[in-house]
Each structure stands twice: as C-alpha cells, then as structure tokens.
Amino acid sequence: MGFALNDDDREFARWVGGCAAALVAEPSVVPPAGPGRVDRPLLRRLAGLGLLPALFPGTHGDGPLREAPAIRLCLLREHLARADTHAETALALQGLGAYPVLQSGTELQRRRWLPAVASGEAVAAFALTEPDAGSDAAALALRAEPGGGGWRLHGEKTWISNAPDADVYTVFARTTPAPGPGASPPSSSPPTATASPDPHWRCSPTTPWATWSSTASPSDRTT
Ligand SMILES: Cc1cc2nc3c(=O)[nH]c(=O)nc-3n(C[C@H](O)[C@H](O)[C@H](O)COP(=O)(O)OP(=O)(O)OC[C@H]3O[C@@H](n4cnc5c(N)ncnc54)[C@H](O)[C@@H]3O)c2cc1C
C-alpha cells in the first residue's frame, strides 16, 4: 500500500514547523512554577500559536467539535518534538487527557472542558495506570460507585503526568468486579469518569508523575 502526504498535509507540516521555530526563537520569560510542575505559560504560548487548538478542530467555531485526523496528530507531534520535546510533551498530554471527553463526554462536559484545554487555560490529565495495572489495563482495580450525586472513586493511580496540577482528569475506573478467581471479566471497556480536583484527593507531588489516590465524588461521568 502506498503512502504519501497530500498537499494539505505538507502545508500543515510546514505551518507546525514554523510555529515550532517561533517557539524556540523566543523562549518564555515566565518560568514554570517549579520542577515537575505544569508549565502553564508554555501551554498558553502553544495555544496562542494555534498548536493546541489544532488538536481540537471546531473549538473556534470552524464546524463541529471533532478529533484531529491521525495524520495531523503525527505531524503536529513530530514537527514540534523536533524543535522542543518539552513543548511536544505538554501538547500531547493535553490531547491524551481531553480526547476521552471529546469522544465520550456529555455535551456539557465537552463545552466545559475542550475550549479551556485548547486555549491552555485548563490542564488535562489521563489517569489509567495503577500500581498493579500498567500494560495490562484491564486489571485496573480503582472502583467507581454511585454516591454523593455523582460517582465516588476508591483506589489508587500512579504515574499520572500533570498531577497534581491538572484541572480535569479522565479517570479509568471499574464498575464491575475485578478479574480473578470467581469473577467475570468486564463485558466491555472499563468506564471513564471526568473529574475536577476534589479536596479528598491525596497526591504526593514529589515527582511530575505523582501517585494519586482518591475517594472523590466526580460530579459527572462519561462512558
Ligand atoms: C514518564 C511517564 C509518564 C507517564 N504518564 C502516565 C499518565 O499520564 N497516565 C497514565 O495512566 N500512565 C502514565 N504512565 C504509566 C505508563 O503508561 C505505564 O508505565 C505503562 O502503561 C507500562 O506499565 P508498567 O510500568 O506497569 O509496566 P508493565 O506493564 O509491568 O510492563 C513492564 C515490561 O513488560 C512488558 N510487557 C508487559 N506485558 C507484556 C506482555 N503481555 N508481553 C510481552 N511483554 C510485556 C512491557 O513492554 C514492559 O517492557 C507514565 C509512565 C512514565 C514512565
């Protein structure tokens, strides 16, 4: 099977390369909050250059909110990473944390979070990994139970990039028994919940990828 970029993709790649060059040419004068903390000034610069909105076509009223085509995501990340891996990671994490909201969130959640993530005003995180569930994501054990008008989460996540600073987390949780002797495997993918930070969450902010445990009650849920 042949593969080649079309003219639009090549033009897009050139545009990303130009943005990346501008980013490197004018390093931010505002330092991040500290080692391992989210670089919010950088996110706002990525938004100002149009790179973050490119993750979420439609956030500026140019048609319905939709995913960027996979080829565009690759070009964005490749050309940004070539210039600045820190910036590329920041951009990728915004997409990773917010795409589940785009794909499966309620209309309210999409309107609440996606424009904010695309403008760099809100920081997103993707919380899948647990101490005993890494590559084998189906082994995740963090439970979601109805409660408090939303869902109450019981369990622990680890290696969550952008924690503890993120404003919105996509949390993968279990509503069925964990796989094991006597338990049935879940019949579908684990559900996800989006949650804003809650005072009940405990985070050890000693590393950029903090261990994070929660008994929070997110106000809404996506599946
Ligand atoms: C810098 C960093 C940032 C991260 N950020 C996030 C984040 O934001 N959100 C999040 O949810 N997670 C995050 N993670 C976690 C990351 O996604 C996990 O490390 C990953 O899922 C692997 O899980 P694990 O470390 O438990 O390794 P394991 O799953 O224990 O795997 C260990 C090794 O065994 C291999 N292996 C596993 N299963 C098999 C198999 N069936 N066959 C052959 N080989 C196998 C793997 O390839 C690997 O080499 C981050 C990790 C790092 C290092």
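**Exercise 1. Locate Ala137, state its burial class, and relate the residue to Phe172.**

Solution. Ala137 lies in the loop that connects strand 1 (124-127) to strand 2 (143-147). The structure is a predicted model. A residue is partly exposed when its neighbour count falls between the limits of 12 or fewer for exposed and 20 or more for buried. Ala137 has 13 C-beta neighbours inside 10 Å and therefore counts as partly exposed. Next, consider the partner residue: Phe172 belongs to strand 4 (residues 168-172). Because Phe172 has 21 C-beta neighbours inside 10 Å, this residue counts as buried. Ala137 and Phe172 are 35 residues apart along the chain, and their C-alpha atoms are separated by 9.3 Å. Phe172 also lies 7.7 Å from Leu142, C-alpha to C-alpha, with the two positions 30 residues apart in sequence terms.

**Exercise 2. Describe the order of the secondary structure elements in the protein chain, and the share of its residues that count as buried.**

Solution. The protein chain comprises 6 helices and 7 strands. Read from the N terminus, the order is α-α-α-α-α-α-β-β-β-β-β-β-β. Of its 223 residues, 37% count as buried. As to contacts with a separation of 6 or more, 67% are made by residues 24 or more positions apart.

**Exercise 3. Determine which residues of helix 1 are buried, which are exposed, and what the buried ones pack against.**

Solution. Begin with the dimensions. Helix 1 (residues 7-25) contains 19 residues and reaches 27 Å from its first C-alpha to its last, close to the 27 Å expected at 1.5 Å a residue. The buried residues of helix 1 are Phe12, Val16, Cys19, Ala20 and Leu23. These cover an arc of only 100 degrees around the axis, which places them on the same side of helix 1. An α-helix has 3.6 residues a turn, so residues three or four places apart point the same way. On the other side of helix 1, the exposed residues are Asp7, Arg10, Glu11, Arg14, Gly18 and Ala25. Finally, the buried residues pack against helix 2 (40-48), helix 3 (51-55), helix 4 (70-83) and helix 5.

**Exercise 4. For helix 5, compare the span with expectation, locate the kink, and identify the contacts of Leu93.**

Solution. Helix 5 (residues 85-104) has 20 residues, which at 1.5 Å a residue should span 28 Å; the end C-alpha atoms are 29 Å apart, in agreement. Within helix 5, a kink of about 40 degrees lies at Ala98, shortly before the proline Pro100. Leu93 is also found in helix 5. With 20 other C-beta atoms within 10 Å, Leu93 is buried. Leaving aside residues up to four places away in sequence, Leu93 touches Ala124, Ser161 and Asn162. For the pair Leu93 and Ser161, 68 residues apart along the chain, the C-alpha separation is 7.5 Å.

**Exercise 5. Establish which residues of helix 6 are buried and which are exposed, and examine the residue just after the helix.**

Solution. The 12 residues of helix 6 (residues 107-118) should span 16 Å at 1.5 Å a residue, and the end C-alpha atoms are 16 Å apart, which agrees. In helix 6, the buried residues are Gln109, Arg110, Trp113, Leu114, Val117 and Ala118. Their arc around the axis is only 120 degrees, which puts them on the same side of helix 6. Leu108 and Arg111 are exposed on the other side. Just after helix 6, Gly120 adopts a positive phi of about 80 degrees.

**Exercise 6. Identify the backbone features of Trp159, Asn162 and Pro164 in the loop between strand 3 and strand 4.**

Solution. Most residues other than glycine have a negative phi, and most peptide bonds are trans. Trp159 lies in the loop between strand 3 and strand 4, and its phi is positive, near 60 degrees. With 17 C-beta neighbours inside 10 Å, Trp159 counts as partly exposed. Asn162 lies in the loop between strand 3 and strand 4, with a positive phi near 80 degrees. Asn162 is buried, since 25 other C-beta atoms lie within 10 Å. Pro164 is located in the loop between strand 3 (150-157) and strand 4. The peptide bond joining Ala163 and Pro164 is cis, with omega about 10 degrees.

**Exercise 7. Characterise the residues that surround the ligand.**

Solution. The ligand is surrounded by 10 residues, of which the closest are Leu128, Thr129, Gly134, Ser135 and Ser161. By class, the shell has 6 nonpolar, 4 polar and no charged residues.

Conventions:
Residues are numbered from 1 along each chain as its sequence is written. This is a predicted model: local features need pLDDT of at least 70, side-chain atom pairs count only at pLDDT 80 or more; totals for chains, interfaces and linings use all residues. Helices (H or I, at least four residues) and strands (E, at least two) are DSSP runs, numbered from the N terminus. The expected span of a helix is 1.5 Å times one less than its number of residues. The bend at a residue is the angle between axes fitted to the seven residues ending there and the seven starting there. The arc is that of the directions from the helix axis to the C-beta atoms. A residue is near a molecule or strand if its C-beta atom, placed from the backbone, lies within 6 Å of it. Ala, Val, Leu, Ile, Met, Phe, Trp, Tyr, Cys and Pro count as nonpolar, Asp, Glu, Lys and Arg as charged, and the others, Gly among them, as polar. Two residues are in contact if their C-beta atoms, placed from the backbone, lie within 7 Å.
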